[in-house]
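Me: I would like to learn how to read a few features of a structure. Could you take me through them one by one?

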Amino acid sequence: MTMTLAVYGKGGIGKSTTSCNISVALAKRGKKVLQIGCDPKHDSTFTLTGFLIPTIIDTLQEKDFHYEDIWPEDVIYKGYGGVDCVEAGGPPAGAGCGGYVVGETVKLLKELNAFDEYDVILFDVLGDVVCGGFAAPLNYADYCLIVTDNGFDALFAANRIAASVREKARTHPLRLAGLIGNRTSKRDLIEKYVSHVPMPVLEVLPLIEDIRVSRVKGKTLFEMAEGDSMLDYVCDFYLNIADQVLAAPEGVVPSEASDRELFSLLSDYYLNPPVEKAQEDELDLMMV
């Protein structure tokens, strides 16, 4: 059976870079993978292909929405590691609905029988504050993965996404596989959040400049590691995430915190930090 994943996270958190590396990690484990970018910027698969591939919505418009005139090679592009790539695209700024575009993308791919040809399908979704439209991929997903960092804004977005998972889980067996911490030297605020809203933490990636550089180069960490074995340890983070997902975890249906509750929880942590954190901050100040 095909496993379907939906990756969400605050804009600019490194979600697409994370998604691409997870897709390659899954392919490294012998799985046939399709990554579907669900962002009007249509740059989800950039590090897999090295260029901005044509979008589904543009192709449909060119064919006057005649699905029978579209072939798989018109919309599916081969990326690094054998990962197949699709970009849904989006409506013009200020017009239309992203959820409609996702729906049309899924409809076309089903017409092409694409969903039956893959072991894993990964939706990479715009998700600062999830509206009904951009929550649409959750309708097709077995698991949601949330990318965050150790900061307030990203965890606030993660909490909203968790609420969407809970809502969608009412109608089909969707589960939250867990959080992925990205580019963070500490995880204290993440741990504060998950102690209040219980959910697994799949991995926490430290601040690694090469991850940011990979986005600019249009390459995954796995491709960069081919020429620099020092990057193999970074790839291991993504392989660990892939292994956990492929183990078909039980996951959770989260019970998110209310906005006021979350604001109080996280802001209080900054205003009244634990003793050890206060001592660290004082030491940092002394060093400066």
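Reply: Let us start with burial, where a residue is called buried if its relative accessible area is under 20%. In this predicted model, the buried residues of helix 7, which spans residues 188-196, are L189, I190, Y193 and V194.

Me: Where do the buried residues lie around the axis of helix 7?

Reply: An α-helix has 3.6 residues a turn, so residues three or four places apart point the same way. Here the buried residues cover an arc of only 130 degrees around the axis, which puts them on the same side of helix 7. What covers them includes strand 6 (143-148), helix 6 (152-168), strand 7 (175-181), strand 8 (201-204) and helix 11 (259-271).

Me: How many aromatic pairs are there, and how is the pair of F51 and Y77 arranged?

Reply: Ring centres within 6.5 Å make a pair, and planes over 60 degrees apart make that pair edge-to-face. The count comes to 5 aromatic pairs, among them F51 and Y77, which are edge-to-face at 6.3 Å centre to centre with 85 degrees between the planes. F51 lies in the loop between helix 2 (46-49) and helix 3 (56-62), whereas Y77 belongs to strand 3 (residues 77-78), so the pair ties together parts that are 26 residues apart in sequence.

Me: Which residues have pLDDT under 50?

Reply: Where pLDDT is low, the predicted coordinates should not be read in detail. That applies to residues 282-288, over which pLDDT stays under 50 and for which the model has 0 contacts beyond four places in sequence. For the protein chain, the mean pLDDT is 89, and 92% of its residues reach 70 or more.

Technical notes: Residues are numbered from 1 along each chain as its sequence is written. This is a predicted model: local features need pLDDT of at least 70, side-chain atom pairs count only at pLDDT 80 or more; totals for chains, interfaces and linings use all residues. Side-chain values use heavy atoms; hydrogens and water are left out. Buried means under 20% relative accessible area, exposed over 50%, partly exposed in between (1.4 Å probe, protein chains only). Helices (H or I, at least four residues) and strands (E, at least two) are DSSP runs, numbered from the N terminus. The arc is that of the directions from the helix axis to the C-beta atoms. Contact means heavy atoms within 4.5 Å. pLDDT is the predictor's confidence in each residue, from 0 to 100. Rings of Phe, Tyr and Trp (its six-membered ring) pair if their centres lie within 6.5 Å; planes under 30 degrees apart count as stacked, over 60 as edge-to-face and the rest as tilted.
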